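Visitor: I should like to go through this model with a guide. May we begin with its sheet and then turn to its cores and helices?

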Amino acid sequence: MVANLNDNPESPIRYEVDADGIAVITLDMPGRSQNVLNETLTEPFQAVVEQAYGDDTVKGLVITSGKRDFLAGADIDGLYQMTDPAEVVAMSDGFKALLRQLETGGKPVVCALNGSALGGGLEMALACHHRIALNNPKAKFGLVEVKLGLLPGGGGTQRLPRLIGIQTALPLLMEGKELRVDAAKAQGLIDEVADTPDDLITKAKAWAKVNPKAAQPWDEKKFKYPGGDAKHPAVAQMLAIAPSMLRAKTHGNFPATLHIMASVVEGSLVDFENALKIESRYFAACVVSPEAKNMITTLWYQLNHINKGGSRPDGYDRARFSKVGILGAGMMGSAIAFVSAKAGFDVVLKDVSQDGADKGKAYSESLVKKAVSKGRMSKEDGATLLDKILPTGDVQDLTGCDLIVEAVFEDRGLKAKVTQETEAVMDASGVFASNTSTLPITGLAEPSARPDQFVGLHFFSPADKMPLVEIIKGEQTSPETLARAFDYVQQIKKTPIVVNDSRGFYTSRVFSTYIMEGIALLTDGQHPRRIEVAGLKSGMPVGPLALHDEVSLSLSLHIMDQTRKDLEAAGKPVPEQPGYALIRKMVSELDRPGKKAGRGFYDYPDGGKKQLWSGLAEHWPVAAEQIPESEIIERMLLTQANETVRCLEEGVLESVWDANIGAIFGWGFAPFQGGPLQYLNAYGLDKAVVRLREFAERYGERFTPAERLVAMADAGQSFERVPG
Ligand code: NAI
């Protein structure tokens, strides 16, 4: 039998019943690359489920997808717009009623997962009696809502713990983990794996046929949570400390994590229907929270915009490089070689000697070994990856490279030399990229014969882990070179932001305002422990003093001295540097240059935990009057936000999305604030101007609000989300 909806090209669903009475429901929304959960899908889905249940000849249901993936999650646009909790509860309850209908209708329902099922997609799968996944190495499964400040509002916080136990489910829910097929099967999210799409449907139908009385475990009379519910001693013991552990980790900045925990625990103490109601209420609390709005703005809209090439010049075909040369097999070059080989490029890793290059390749060898031992990479894939890296001390091996990433010492003269010798052998149409962290790109391009093909690719350390690459346009960098650099960054699975050439580019410049504010606070007599705690509470991953130790105070001093010299030579005024005297004293007088030396703001005892250096109070006495913690936090965040606006004003930054994503991915700026410009949006631009002026008067001119900020506040504007 073929229902009418199969003849309707607008229909998002196909419905076919085979000779054995198994109905296959295929989700396939027209005109979209993915199925998403919105009314366009759920309404006909409900109709088709009712049709199947109303038809006595139908003995079982198989749900699958006509797209590459099974079903993406909820419609984020819809959730983003919602501000009324009652409306959220009604919507969530409605979707859950549909899933309840599916799982309690008295016929077996099998989910045939041909690809990824994340968020709401997985929630639908969990409402089926059996889940079979295609052995698709690209497929991912997870309840990822927390990453946008949300929780699974389609029964996910109730079904998953009832299926795999509270202790196994909580980390998956609270971290939004995405599992590959094998891991999903091992953790119990998936029951079976099929090798081919045909096998998938055959297995699904077969299961439905032999399980006519299928029911969900939680609908069985004698249902018990695997591992026990929240009252079970082992679980109760864990739950007694879980909220404080969470608090210590998040400082209360991610309310969704607490709501998830509460929904799981409270839900386990009542019957399933009431548990679903509890979940809807916590879901509503998440959806209307400012944290979710901020995270959706940046980590959904703006990130998607970048991923779709929002900062890439139009009109150039997508580049695919064949041979990537890396100059310098030190800390950065070794890691860049690894990510390039992992993305499938042939890599030539060049250092001054064969020995040096071999040492660089050894870094990839150790990463591969670790990945293989942890089961994250097969032995064969590991061997293929390593085969792609040719370590060498001979410049001739770079012949024919169509992309060069230079990561030799931070020395202008040396960089000029390697640029010229490499250009002589590389592909004439290739791109030459420098990974400099401080030297302006326009200047580095001067010795180049092809400055239009010269660009900055600023990686972050460790480059195999950090998700961002800051692409720096020199004055002569051509749009085509930029487009090609953008493509490379995406091909190595990193996120590119595009900025213009300037001192510190964008990320280092704004990041440094955070660590320098830590020093300003110390000079003002604030207790160092309060400064560090406030840094963490502001949402930064590490306190400013500890971070400064990591970066090294001697490097800071070197950069500050260089900046002064350069500005003086150019006849420009040297801006206020409130931490300068302190850093100079720490490095030159007190011999405390940072973590590497084992001495900085902290002591680093061998094998022990770092401790704030007790001598700090002697040199920078703690003032009797301590400013409120909330003000310390505001100082730390407003100084970064104000500097970001200056970068926009000066044209260092060209877009709001690059600013916000660059901050979160580059130096870990408080993600729940959605990046520095979204922080200002949520703060209110007019209020931020008032506060900055107060701070400028009290703490110094660095807080003088950027002109652009004042103008936008006066005009009642805010920073745009994405174009259009
Ligand atoms: P490193 O000191 O670990 O490595 C530099 C390597 O370049 C050494 O192995 C050296 O032997 C090699 N080298 C020197 N002359 C060479 C030549 N003529 N041909 C080929 N190789 C040569 O330095 P690191 O930390 O890897 O930094 C490299 C570049 O990356 C610098 O420009 C640095 O500013 C930049 N950078 C560093 C970051 C960091 O966190 N370390 C972050 C972002 C950028």
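**Sheet, cores and a helix crossing**

Guide: In this predicted model, strand 2 (residues 22–27) and strand 3 (residues 60–65) pair over six bridges, in the parallel sense.

Visitor: Which residue of strand 3 does Val 24 stand opposite?

Guide: Strand 2 and strand 3 are parallel partners. Within strand 3, the residue opposite Val 24 is Val 62.

Visitor: Which strands stand at the edges of the sheet, and why is one side of each left without a neighbour?

Guide: The sheet is open, with six strands in the order 1-2-3-4-6-8 and mixed pairing. Each edge strand has a single partner strand, so one side of it lacks a neighbour in the sheet; these are strand 1 (13–17) and strand 8 (192–194).

Visitor: At about what angle does helix 1 run to strand 1?

Guide: Helix 1 (residues 39–54) lies across strand 1, strand 2, strand 3 and strand 4 (109–113). Its angle to strand 1 is about 10°.

Visitor: Which helix gives the most to the largest nonpolar core?

Guide: That core has 222 residues, and Tyr 488 and Tyr 506 have the most contacts inside it. With nine residues, the leading contributor is helix 25 (residues 629–649).

Visitor: Is helix 25 roughly parallel or roughly perpendicular to helix 29?

Guide: The axes of helix 25 and helix 29 (residues 707–714) come within 8 Å and cross at roughly 95°. Angles of 65 to 115 degrees count as roughly perpendicular. Therefore helix 25 is, relative to helix 29, roughly perpendicular.

Visitor: How many charged residues has the contact of helix 25 with helix 29?

Guide: Helix 25 contributes Asn 642, Val 645, Leu 648 and Glu 649, and helix 29 contributes Glu 707, Arg 708 and Leu 709. By class, three residues are nonpolar and one is polar, while the charged residues number three.

Definitions and conventions
Residues numbered from 1 in each chain as written. Predicted model: local features only at pLDDT ≥ 70, side-chain atom pairs only at ≥ 80, totals over all residues. Heavy atoms only, no water. Pairing = 2+ DSSP bridges. Helix = DSSP H or I, 4+ residues; strand = E, 2+ residues; numbered from the N terminus. Contact = heavy atoms within 4.5 Å. Axes fitted to C-alpha atoms, helices over the stretch in contact; angles between N-to-C directions. Core = buried A, V, L, I, M, F, W, Y, C linked by side-chain atoms within 4.5 Å. Buried < 20%, exposed > 50% of the residue type's maximum accessible area, 1.4 Å probe, protein only. Parallel < 35°, antiparallel > 145°, perpendicular 65-115°, else oblique. Nonpolar A, V, L, I, M, F, W, Y, C, P; charged D, E, K, R; others polar.
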